[in-house]
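Visitor: Could you take me through the ligand site in this one, close up? I'd like the contacts, the shell and the pocket, with the cut-offs spelled out.

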Amino acid sequence: MRIVLGVTGGIAAYKAAALCSALVQRGDDVDVVLTEGAERFVGALTFAALTRKPVLTSLWEAPETIPHIALARAADAIAIVPATANAIAKIALGLADDLLSNIALAARVPLIVAPAMNSAMYEHPATQANLATLRARGVTIVEPGIGFLAERESGVGRLADQEAILAAIDASATRARELAGERVLVTAGPTREAIDPVRFLSNASTGTMGIELAREALARGANVDLVLGPTSVTPPSEARVVRVVSAQEMYDATLARAPGADIAIATAAVADWRPVQTYAHKRKKDEGAEGMSLERTPDILATLGERKNGTFLVGFAAETRDFETFALEKLASKRLDAIAVNDVSGNDSGFGTGPSELVLLWPGGGREELGRAGKGELARRMWDALLRVRAERGTRT
Ligand code: C5P
């Protein structure tokens with residue numbers, strides 16, 4: 001495995017040398033990047049001797065090689081050990097004023113951050129908020145332990161043990177390859193069913209859950225097709241995104257991409273009804289609503305279920321009551337391999353970019369509570385559960 005080991009300027013930097021040695025000994029190819037602060041604690045020579053490679057310390061050393069982009073692309077994982085409060089703050093904000101912060105910003109591979117600092121700095125709300133931001137983006141934080149600190153007192157902020165850091169690096173790198181070579185199809189967002197040129201029937205979906213599931217599938221190495229209804233939430237640029245407006249357009253785009261998909265997840269809140277007739281001109285108030293009637297839209301997921309040929313099919317059920325009963329009916333009627341249920345009766349759950357709560361159900365009585373979390377975190381939990389269920393059932397084609 002090729003690992004970029006970023007070392008920042010804290011006293012625990014000396015422990016990064018032992019970690020570097022352990023990585024090299026087990027056969028990893030390690031590129032060490034030191035910040036200016038790190039160099040004050042440990043010499044580049046130590047790491048150069050361990051890795052038998054030049055140690056990188058500056059953005060300006062060999063600009064013709066564009067080192068930050070080259071390293072960000074070549075690495076399987078980037079581990080920042082130790083990470084100071086300042087390094088964490090810079091990455092959370094997207095600042096890029098030295099080689100390591102540039103690599104962290106350019107990289108699309110797993111990032112593992114092992115904080116080490118004084119307790120007060122670690123517990124400060126600013127540091128905690130920055131760590132929460134990184135976690136929400138899928139960065140693995142290897143929590144510091146409680147122990148003897150450089151201030152000669154015991155407290156939280158001590159760099160995690162080497163075994164914990166190695167395990168976190170391995171888990172992140174394994175996860176990054178979990179869906180390699182697979183094609184994942186996701187539907188997301190609302191649809192709009194036109195009444196006239198300015199009015200439509202729709203719902204409050206923002207597409208966030210589907211976008212996060214697509215992002216996580218990409219992070220695990222999949223090729224992702226995302227069929228997305230109207231939303232202002234930005235989808236990941238690495239996905240092949242097809243923008244659609246109506247249920248019919250979503251149906252056409254999804255069914256065109258379904259053959260050969262390994263996994264399809266329907267998160268879209270497809271409008272169930274559409275006006276039978278769309279007026280060519282804006283309907284005047286005094287023309288009334290007489291004659292306006294609705295018809296059912298095509299059920300995309302049910303059609304995927306009818307035609308499924310080896311695709312692992314996952315649906316969503318947003319309900320305001322009896323939600324698991326309704327979800328189990330859908331699981332059977334749409335021939336799904338799993339269904340994620342959320343209770344949208346409260347005004348702080350379900351739709352929108354905020355946190356949500358999900359329960360995953362699968363045929364044969366399988367049930368797992370994914371808990372309440374931000375949708376990025378829920379997407380990670382859901383993929384963990386889905387891939388475990390699929391592996392247990394041996395449904396892989
Ligand atoms: O039947 P119901 O709409 O409650 O089912 C919800 C699930 O079906 C979701 O996964 C949703 O994306 C999908 N669905 C669909 N096409 C529709 C209606 C729902 O794909 N027309």
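Guide: Let's start with a backbone contact: a nitrogen atom of the ligand is 3.0 Å from a polar backbone atom of Ile300. A polar contact here is a pair of N or O atoms within 3.5 Å; within protein, one must be able to donate a hydrogen and the other to accept it, and residues adjacent in sequence count only if both atoms are side-chain atoms. Before going on, note that this is a predicted model, where local features need pLDDT of at least 70, side-chain atom pairs count only at pLDDT 80 or more, and totals for chains, interfaces and linings use all residues. Numbering runs from 1 along each chain as its sequence is written, and side-chain values use heavy atoms, with hydrogens and water left out.

Pro298 also offers a polar backbone atom, 2.9 Å from a ligand nitrogen. On the oxygen side, Lys334 puts a polar side-chain atom 2.9 Å from an oxygen atom of the ligand. As for burial, the ligand taken alone exposes 450 Å², and the protein buries 84% of that (Shrake-Rupley areas with a 1.4 Å probe; for residues, only the protein chains shown count as cover).

Now the shell. There are 14 residues around the ligand, and Pro298 turns up again among the nearest, together with Ala266, Ala268, Phe316 and Lys330 (near means that a heavy atom of the residue lies within 4 Å). Helix 12 (300-307) and strand 16 (312-319) each give at least two residues to this shell; helices (H or I, at least four residues) and strands (E, at least two) are DSSP runs, numbered from the N terminus. Sorted by class, the shell holds seven nonpolar, three polar and four charged residues (Ala, Val, Leu, Ile, Met, Phe, Trp, Tyr, Cys and Pro count as nonpolar, Asp, Glu, Lys and Arg as charged, the others, Gly among them, as polar).

Finally, the ligand takes up the space of the second largest pocket. A pocket is an open set of points on a 1 Å grid over the protein atoms alone, where a 1.4 Å probe fits, with protein on both sides within 12 Å along at least five of seven lines; a molecule sits in one if more than half of its atoms lie within 2 Å of its grid points.

Methods:
1 Å grid on protein atoms, 1.4 Å probe; cavity = no way out; pocket = protein on both sides within 12 Å on 5 of 7 lines; lining within 4 Å.
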